[in-house]
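Here are a few notes to go with the structure, meant for reading with the coordinates open. I have kept the points short so you can check each one as you go.

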Amino acid sequence: MSTQKLNMSNQAWFWLIILSIIWGGSFFFIEICLRDLPTLTIVFFRVLLAALTLYIYLAIRRTPMPLDPKLWRDFFVMGFLNNLVPFSLIVYGQTYIESGLASILNATVPIFTVLLAHFLTRDERINSGKLVGIILGLLGVVLLMGPEALKGFSSNIIGQLSVLGGAVSYALASIFGRRFRDVPSSVTATGMLTSSAIMLMPFAFIIDRPWQYSPSPTTIAALLGLAILSTAIAYLMFFYVLQVAGATNVSLVTLLIPVSAVLLGAVILGERLQWTSFVGMGFIFFGLLAINGKLLKFTKST
């Protein structure tokens, strides 16, 4: 019995690490796509190709898509909060800042989730541990943005604020998404991505006119990786880890994503972050641990 629990724990950690690498890779893929394609084109094809991939998955599993208008209304809201807004803001932000820094700022999602849930829900109030986590996380953000934020809106600050805006939108989506508890996760992801593609299509075609661009094979490969690997497969893997490890443990993926993103950016793209970025990342990580409750348990045990 104990062996089975150990294997399950090892299995959960294995998939959690794989998921963090895949999601960390999304920032790397975006950086490559931006060489040849504009923001809305990248985001549109990301959600479109991911949705088509999930429809193939549902067909193989023989899982039908619901036709309930109220459910599809919720899919559109979820798609707006969890895909359209954050995907667009993060891609736009990465036109100004490195992929590694973007991934670190994106790790603030649980911090904003706890803060917003306190005001928007009745059953998720801020306690002392969560308050410590919020303070540490916000201090980390201040360190990441640095004194340049006081000098006005430089391009670097605009990029950082865009990614933080995406993190806030993800936080709102996580709160809104609680209504999908009784809907199969693969159906929710498919409906959400389909809705996002429908909403993005007119903007991408009118503003970007994607037919004008001639992306290189490397860019096309990065876009496919972003859509199929870092979106469609990542969503399926996330919900699998959620079932195996639980919501609390799966939230730790936010601690691991910047690690893989920073490594990929440094090794392949030659990006180099300043020492303040790593100090800020440390504050955010400890903030996430405090929110998760593991930091409090550690200090009590020592």
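1. Let's start with Arg73 and Asp74, which form a salt bridge whose closest N and O atoms are 3.4 Å apart. Bear in mind that this is a predicted model. In general terms, side chains of opposite charge can pair when their charged atoms come close.

2. Which second partner does Asp74 have? The side chain of Asp74 also meets that of Arg179 in a salt bridge, with an N to O distance of 3.9 Å. Asp74 belongs to helix α3, while Arg179 sits in the loop between α7 (155–176) and α8 (185–208), so this pair ties together parts that are 105 residues apart in sequence.

3. Taken together, Arg73, Asp74 and Arg179 are linked in a network of salt bridges. The count of salt bridges comes to two. Are Asp74 and Arg179 buried or exposed? Asp74 is buried, because its relative accessible area of 11% falls under the 20% cut-off. Arg179 has 48% relative accessibility and counts as partly exposed.

4. Stepping back to the fold, the protein chain has 13 helices and zero strands. Read along the sequence, the pattern is therefore α-α-α-α-α-α-α-α-α-α-α-α-α, given that helices and strands are taken from DSSP runs. Of the contacts in the protein chain with a separation of 6 or more, 87% are between residues 24 or more positions apart.

5. On surface and burial, 49% of the 302 residues in the protein chain are buried. The chain exposes about 15100 Å², and carbon and sulfur atoms supply 68% of that area.

6. Helix α2 (residues 39–61) lends itself to a quick geometry check. How far apart should its ends be? At 1.5 Å a residue, its 23 residues should span 33 Å, and the end C-alpha atoms are 33 Å apart, which agrees. After α2 comes Arg62, whose phi is positive, near 55 degrees.

7. The buried residues of α2 include Leu40, Ile42, Val43, Phe44, Val47, Ala50, Ala51, Leu54 and Leu58. Thr39, Thr41 and Arg46 are also among the buried residues of α2. As background, an α-helix has 3.6 residues a turn, so residues three or four places apart point the same way.

8. Leu200, in helix α8, connects back to that list. Leaving aside neighbours within four places in sequence, Leu200 is in contact with Leu40, Val43, Phe44, Val47, Leu84 and Ser88. At 1% relative accessibility, Leu200 counts as buried. The C-alpha atoms of Leu200 and Phe80 are separated by 9.4 Å, although these residues are 120 residues apart along the chain.

9. Finally, a polar residue that may interest you: Gln94, in the loop between α3 (69–93) and α4 (99–106). Gln94 counts as buried, at 2% relative accessibility. What does the side chain of Gln94 pair with? A polar contact of 2.7 Å joins it to the side chain of Glu31. With neighbours within four places in sequence left aside, the contacts of Gln94 are Phe27, Ile30, Glu31, Leu34, Ser99 and Ala102.

Conventions. Residues numbered from 1 in each chain as written. Predicted model: local features only at pLDDT ≥ 70, side-chain atom pairs only at ≥ 80, totals over all residues. Heavy atoms only, no water. Helix = DSSP H or I, 4+ residues; strand = E, 2+ residues; numbered from the N terminus. Expected span 1.5 Å × (residues − 1). Buried < 20%, exposed > 50% of the residue type's maximum accessible area, 1.4 Å probe, protein only. Polar contact = N/O pair within 3.5 Å; in protein donor to acceptor, adjacent residues only side chain to side chain. Contact = heavy atoms within 4.5 Å. Areas by Shrake-Rupley, 256 points an atom, 1.4 Å probe, with all protein chains shown as cover. Salt bridge = Lys/Arg side-chain N within 4 Å of Asp/Glu carboxyl O.
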